[in-house]
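Q: Could you take me through one part of this model in detail? I would like to start with a single loop and then see how the two chains meet.

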Amino acid sequence: MLELRNLTFEVPVSEGAQETKRIIDDLSLTIPDDRFTVITGPNGGGKSTLAKLIMGIEQPTSGQILFNGEDITSRSIAERANLGIGYGFQQPARFKGMKVKKLLDIAAGKKLPMLACNEYLAKVGLCSASYLTREVDKSLSGGEVKRIEIATILARDPQLAIYDEPEAGIDLWSFDRLTETFRDIHEARDGRSIVIISHQERIIQLADEIILLRDGKIAATGTPEELLPTLGFVAKGVPGCQLTEPTELHLTEIATTC
Amino acid sequence: MAVDLSPIDEGLLEQIANIHGMPKGAFNIRKDGQLVQRSSSANIEISTKTDHPGIDIHIAPGTRGETVFIPVIVTQAGLKDVVYNTFYIGEDCDVTIVAGCGIHNESHQASEHDGIHTFYCGKNSRVRYVEKHYGEGSGTGERILNPVTNVIMEENAHCEMEMVQLRGVSSTVRDTNAELGAGAKLILTEKLLTHDKQTATSNMKVELKGDDSSVQVISRSVAQDDSVQIFNPLVIGEAACRGHVQCDAIIMGHAKVTAIPGIEAASEDAQLVHEAAIGKIAGDQIVKLMTLGLSEEEAEQEILEDFLN
Ligand SMILES: Nc1ncnc2c1ncn2[C@@H]1O[C@H](COP(=O)(O)OP(=O)(O)OP(=O)(O)O)[C@@H](O)[C@H]1O
Ligand SMILES: [Mg+2]
């Protein structure tokens, strides 16, 4: 079980500035075991930041994070990983010289048999053993690297897995396979929780609970039945682009005669 | 002529040539400027040069699937060993050549080995060349390796060269020159690791003389601590040819890396490309591996190992 208590994350408005802005704003949340949660919300709402705070990649300004009752707020990334938290990045890293097989081995924490590797790849729609000897570098396409990222979390099999927009850049066929995979993990109900950050209705529909995150706050929570009908409304209800005046821009210095 | 090998010698040989005891087939093992043991095979004949120190290796046309080992070790301080090794590889061969030099130096005097290797690759032959350089020992004496590699490739010859400097080499100046005939293909991979106050300079000149010849130069290096590296690869296209030069360096600590990849085209049908990138280990790579349970140091180590695999 994951518990967030009054989590706040602030960053300076600009580099070196005293003034700060809140990315995550006094957020409290509990994710029980066996729960399939989808976090959705507008771009820039703080979804990835929240995931990074849970994984330990960012440190909260204040608040607490508890995992299975233990306060892990000051634990390192690796410690959290070893306690059973996993995070599939929105933008996966690429590694020159590292083979896909090696990355899966590192993820699993042991040398995996080829067959197991192929199964993880198949679960993300990469149905060719030839991927195992490919390098996780620029030679892989965006969708390939994204699916390998997801496969690393499958191989790691953490108690709490957070996937950050797993659908991004993935073709329809792989997406089908992936939703099946998530459903299978969920239906096993063996104490694992899945958190998926997503904008995809198909994924949102799988959720036990949807969390709508906006401006670093939970704007709404509910089941798909409760929330889905309002999501479109909520999205449409967001006011259009309100341009704020950049502070460092002096409009008078820009010629307006042309 | 038999010189006994100590455990230190055997350790060096394992590092540079991955051999345990005497290899099978053709080989020549040199220690401190002297021959330890040599063996020729039916197709590969190794003989002592008459004009310079060193050996001539004649590989008969059509030789396939054979490997020849010519490792060198230096354990004597104050020694400067200069050796000329010339390979004559016949037509239609398919062979592997394993070279390398390991220096063990416990003293304050310098040890130096300069190997001048020349390869004549016959028509349609395929050659794989692996060379590893390694230094060890607690002495303050410098461990110097200045290799010169010359490759002359005839029509449709195919050559893959992997030259690696593992660690422990105080100073190195590497000169690599190649000339490619029509249809010849060369893949030149150089991997260097420098640390402490070490310096490494690598000069390469590849001349694409025949139509349809191609070269791929891949340089990967890691510069740690206060070490300094300079890369000067130059590819010259004089025919309808293709050339690609790629320099990639990871820089750490107070190290300094200069990469000056050059391309020179003297034919309008030459297609030459170069890329160079120097940077520290990307933060997102370290973070990713940490989310998989590795400590920061373990993550860094893993990334460097794979980069230089
Ligand atoms: N370290 C940081 N420094 C400055 N600003 C940050 C930092 N981290 C996040 N932000 C800002 O916080 C906001 C939330 O970012 P975040 O990546 O969490 O959004 P998101 O909800 O994941 O958006 P998306 O749907 O586009 O992925 C953005 O405006 C982002 O620019
Ligand atoms: Mg995001």
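A: Happy to! Keep in mind that this is a predicted model. Let's begin with D212(B), which sits in the loop that joins β16 (199–208) to β17 (214–223) in chain B. Is this residue buried or exposed? D212(B) has a relative accessible area of 54%, and because the cut-off for exposed is over 50%, the residue counts as exposed. Its backbone is worth a look too: the phi of D212(B) is near 70°, a positive value, although the residue is not glycine. As background, most residues other than glycine have a negative phi.

Chain A offers a residue to set beside this one. D215(A) is in the loop between β9 (209–214) and β10 (217–222) of chain A. Its phi is near 50°, again positive in a residue other than glycine. With 56% relative accessibility, D215(A) counts as exposed.

Now let's turn to where the chains meet. On the side of chain B, 18 residues are in contact with 24 residues of chain A. K288(B), T291(B) and L292(B) lose the most area to chain A among the residues of chain B, and together they make up 35% of what that side buries. For the two chains, the buried area is about 1800 Å², with carbon and sulfur atoms giving 62% of it.

Charged and polar pairs also feature here. Four salt bridges are counted between chain B and chain A. One of the salt bridges joins the side chains of K102(A) and D306(B), at 3.0 Å from N to O. There are also eight residue pairs in polar contact between the chains, both residues being at pLDDT 80 or more. Which elements of chain B give two or more residues to the side that touches chain A? They are α2 (283–291) and α3 (296–308) of chain B. Of these, α2(B) gives the most, with seven residues. By type, the residues on this side of chain B are seven nonpolar, five polar and six charged.

One last stop is the magnesium ion (ligand 2). Its protein donors are S48(A), through OG, and Q90(A), through OE1, at 2.0 to 2.2 Å from the ion. This pair links distant parts of the chain, 42 residues apart: S48(A) belongs to helix α1 (residues 47–55) of chain A, while Q90(A) is in the loop between β6 (85–88) and α3 (100–108) of chain A. S48(A) counts as buried at 17% relative accessibility, whereas Q90(A) counts as partly exposed at 31%.

Conventions. Residues are numbered from 1 along each chain as its sequence is written. Chains are lettered from A and ligands numbered from 1 in the order in which they are written. Side-chain values use heavy atoms; hydrogens and water are left out. Contact means heavy atoms within 4.5 Å. Buried area is the accessible area (1.4 Å probe) that two parts lose on being put together, summed over both. A polar contact is a pair of N or O atoms within 3.5 Å; within protein, one must be able to donate a hydrogen and the other to accept it, and residues adjacent in sequence count only if both atoms are side-chain atoms. Helices (H or I, at least four residues) and strands (E, at least two) are DSSP runs, numbered from the N terminus. Ala, Val, Leu, Ile, Met, Phe, Trp, Tyr, Cys and Pro count as nonpolar, Asp, Glu, Lys and Arg as charged, and the others, Gly among them, as polar. Donors are N, O and S atoms within 2.8 Å of the metal (3.2 Å for Na, K and Ca); water is not among the atoms, so sites may look incomplete. Buried means under 20% relative accessible area, exposed over 50%, partly exposed in between (1.4 Å probe, protein chains only).
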